[in-house]
Amino acid sequence: MQIDIVPYRPDHAAAWVALNEHWILDGGYALEAKDRLVLDDPEGAVLSKGGAIFMAERDPGLRRGEREAVGCCSLMVMPDGGCEVGKMAVAPDAQGLGLGQKLLEACEAHARAVGSPRLYLETNTSQTHAIALYRRFGFVDLPPQPSPYARCNVWMEKRL
């Protein structure tokens, strides 16, 4: 099975929403106003502001050339020039394939290409697998920061 990390396209819209709604709701969190903004308008909330969205696609083997989006991650430009990693999700049946690492690598490459000094993210202590991935990738804990998310209680960054 081939898996590729590709830039977001408009035909990814349904998968973008479904993947993120799944991890948010399955994690016991509420969909918050910022979630709705980013999920419902990725072009206006992320891409048009200099950010990026990456999608993990696999060939499900059903029909030649048909691809299935099984993961995603956004990168939003921050006021200080840093890039916030967000909306990282991997479909349950694609977990364990290293897609989180590959999505983070795509985010870091993009951030470096635009001269960003750091990657930043917000998460929750219950996201133990994600936090372990972030730490392996070089993220370190920060003191609490202002956040639009009620669920956020962990702040991390990776200096570039």
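Three short exercises on a predicted model follow, each with a worked solution.

**Exercise 1.** Place C152 in the fold and decide whether C152 is buried or exposed.

*Solution.*
- Start with the secondary structure. C152 sits in the loop between β6 (140-142) and β7 (154-159).
- Next, take the accessibility. The relative value for C152 is 10%. Buried means under 20%, so C152 counts as buried.
- Now list the contacts, leaving aside neighbours within four places in sequence. C152 touches E122, T123 and S147.
- Finish with E122. The two residues are 30 apart along the chain, yet the C-alpha atoms of C152 and E122 are 6.0 Å apart.

**Exercise 2.** Find which side chains make polar contacts with the side chain of E122, and check E122 for a salt bridge.

*Solution.*
- Locate the residue. E122 belongs to strand β5 (residues 118-123).
- Check the charge. E122 is buried and has no salt bridge. The nearest side chain of opposite charge is K34, at 6.8 Å. A salt bridge needs 4 Å or less.
- Look for polar partners. The side chain of Y120 lies at 2.8 Å in one polar contact. The side chain of S147 makes another, at 2.6 Å.
- Add the wider surroundings. Beyond four places in sequence, the contacts of E122 include E84, P148, V154 and W155.

**Exercise 3.** Describe the largest pocket and name the element that gives the most to its lining.

*Solution.*
- Take the volume: about 1,100 Å³.
- Count the lining: 43 residues. Nearest the centre lie M88, A89, Q127, A130 and Y134.
- Assign the elements. Those supplying at least two residues each include α1 (13-26), α4 (99-113) and β5.
- Pick the top contributor. β4 gives the most, with 7 residues.

Definitions and conventions:
Residues numbered from 1 in each chain as written. Predicted model: local features only at pLDDT ≥ 70, side-chain atom pairs only at ≥ 80, totals over all residues. Heavy atoms only, no water. Helix = DSSP H or I, 4+ residues; strand = E, 2+ residues; numbered from the N terminus. Buried < 20%, exposed > 50% of the residue type's maximum accessible area, 1.4 Å probe, protein only. Contact = heavy atoms within 4.5 Å. Lys, Arg positive; Asp, Glu negative; His and termini not counted. Polar contact = N/O pair within 3.5 Å; in protein donor to acceptor, adjacent residues only side chain to side chain. 1 Å grid on protein atoms, 1.4 Å probe; cavity = no way out; pocket = protein on both sides within 12 Å on 5 of 7 lines; lining within 4 Å. Points joined across faces, edges and corners; volume = space filled by probe spheres on them.
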